[in-house]
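Hi there,

Here is the structure I promised to pass on. Have a look at it first, and then read on for my notes.

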Amino acid sequence: NKAKLISNVNTDLIDDPNITPDLLLVLNYSKRIPDGICNYIPCVNVHSGILPFWRGLNSNLWAILNGEQQAGYSIHQISEDYDAGNIYKIISANVDEFSDYSLLSAHLQKQVSAILPELLTAIINQRATTISQTKSPYTFTTKMRPDDTIITNWNKDIDHYHRLFYIVGHVNGTGLHICINKKRYRIQKISKMQMLCIPQAFIPGSVIYTDAQGKVGIAVRNG
């Protein structure tokens with residue numbers, strides 16, 4: 001069929017009788033799809049996060065930051081509540097198999113792209129099966145803000161800062177930063193130092209080491 005460009009999905013699909021799509025696929029779109037559209041054509045969302053546990057924006061980032069060992073994409077029906085529709089397919093991968101989030105995300109997106117044509121065809125032909133999210137516990141996440149990538153609280157375990165660097169510190173990320181004397185510095189690498197004395201002797205946030213190469217050692221909750 002010949003493709004037709006529409007300017008506003010919220011009005012054109014409802015008001016123009018000449019537009020009769022087989023399916024609406026939503027990618028990286030955070031606004032609400034009107035119920036009037038979902039009532040007469042299948043509406044499918046590709047959600048960046050593993051449902052039903054992680055709903056909302058930047059769900060994969062928050063999941064990793066909170067210690068989840070897997071991240072993924074969920075392909076699901078669009079329903080009245082955000083990210084709450086029945087699930088068609090979940091694509092996931094182990095976080096520790098990739099050196100940073102950009103590589104993990106690229107891998108997941110490639111997997112999603114590979115299965116979408118066959119899955120969407122099955123949905124249009126009403127042959128696709130789903131899993132319900134009804135009454136499943138979940139966490140609803142918000143968009144990660146620029147301030148979330150500036151470390152101001154050092155009273156967390158070292159693994160927290162490693163995870164934060166994993167999701168934003170890579171070359172294609174926004175960067176992980178610290179502020180010293182009101183000046184912002186981007187962290188180029190983060191690693192755990194060998195402690196030469198009792199970790200409890202330091203207050204989290206204390207600078208305990210510097211050298212001529214620009215390395216800075218900062219105490220955290222567990223060392």
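Below is what turned up in it, grouped by topic. One thing to keep in mind throughout is that this is a predicted model.

**The cores**

Let me begin with the nonpolar packing. The largest nonpolar core has 41 residues, and those touching the most other members are Ile64, Ile75, Leu104, Ile151, Tyr166 and Ile167. Several elements feed into this core: strand E2 (43-48), helix H3 (59-65), E4, E5, helix H4 (101-124) and H5 each give at least two residues. H4 makes the largest contribution, with eight residues.

If you would like a place to start looking, try Ile64. Leaving out residues up to four places away in sequence, Ile64 touches Ala71, Val95, Tyr101, Leu104, Arg163, Tyr166 and Ile167. There is also a second, separate core of seven residues, and Ile33, Ile41, Cys43 and Ile78 are among its members.

**Around Ile78**

Ile78 sits in the loop between strand E4 (70-77) and strand E5 (87-94). Is Ile78 buried or exposed? With a relative accessibility of 19%, Ile78 counts as buried, since the cut-off for that class is under 20%. Beyond its neighbours within four places in sequence, Ile78 contacts Val26, Ile33, Cys38, Cys43, Val44 and Asn45. For a sense of the spacing here, the C-alpha atoms of Ile78 and Asp35 are 9.2 Å apart, although 43 residues separate the two along the chain.

**The two cysteines**

Two of those contacts of Ile78 are cysteines, Cys38 and Cys43, and they bring up a question you may well ask. Why does the structure hold zero disulfides? The cysteine sulfur closest to that of Cys38 belongs to Cys43, but it is 3.2 Å away, which is too far for a bond. A disulfide needs the two sulfur atoms within 2.5 Å, so this pair does not qualify. From the other side, the closest cysteine sulfur to that of Cys43 is likewise the one in Cys38, at 3.2 Å. As for their surroundings, Cys38 is partly exposed, with a relative accessible area of 22%, whereas Cys43 is buried at 5%.

**A sheet of three strands**

Next, an open sheet: its three strands run in the order E7-E8-E9, and the pairing is mixed. Strand E7 (150-151) and strand E9 (183-186) form the edges; each has a single partner strand, so one side of each lacks a neighbour in the sheet. E7 pairs with strand E8 (residues 177-180) in the parallel sense, over two bridges. Ile151 has Ile178 in E8 as its bridge partner, and Ile151 also appears among the residues of the largest core that touch the most other members.

**Salt bridges**

How many salt bridges are there? The count comes to two. One joins Asp148 and Arg145, with the closest N and O atoms 3.3 Å apart; Arg145 counts as exposed, at 51% relative accessibility.

The other joins Arg221 and Asp157, where the closest N and O atoms are 3.1 Å apart. Arg221 lies in the segment after strand E11 (216-218) and Asp157 in the loop between E7 and helix H5 (158-168), so this pair ties together parts that are 64 residues apart in sequence. At 34% relative accessibility, Asp157 counts as partly exposed.

Happy browsing, and best wishes!

Note on methods. Residues numbered from 1 in each chain as written. Predicted model: local features only at pLDDT ≥ 70, side-chain atom pairs only at ≥ 80, totals over all residues. Heavy atoms only, no water. Buried < 20%, exposed > 50% of the residue type's maximum accessible area, 1.4 Å probe, protein only. Pairing = 2+ DSSP bridges. Helix = DSSP H or I, 4+ residues; strand = E, 2+ residues; numbered from the N terminus. Contact = heavy atoms within 4.5 Å. Salt bridge = Lys/Arg side-chain N within 4 Å of Asp/Glu carboxyl O. Core = buried A, V, L, I, M, F, W, Y, C linked by side-chain atoms within 4.5 Å.
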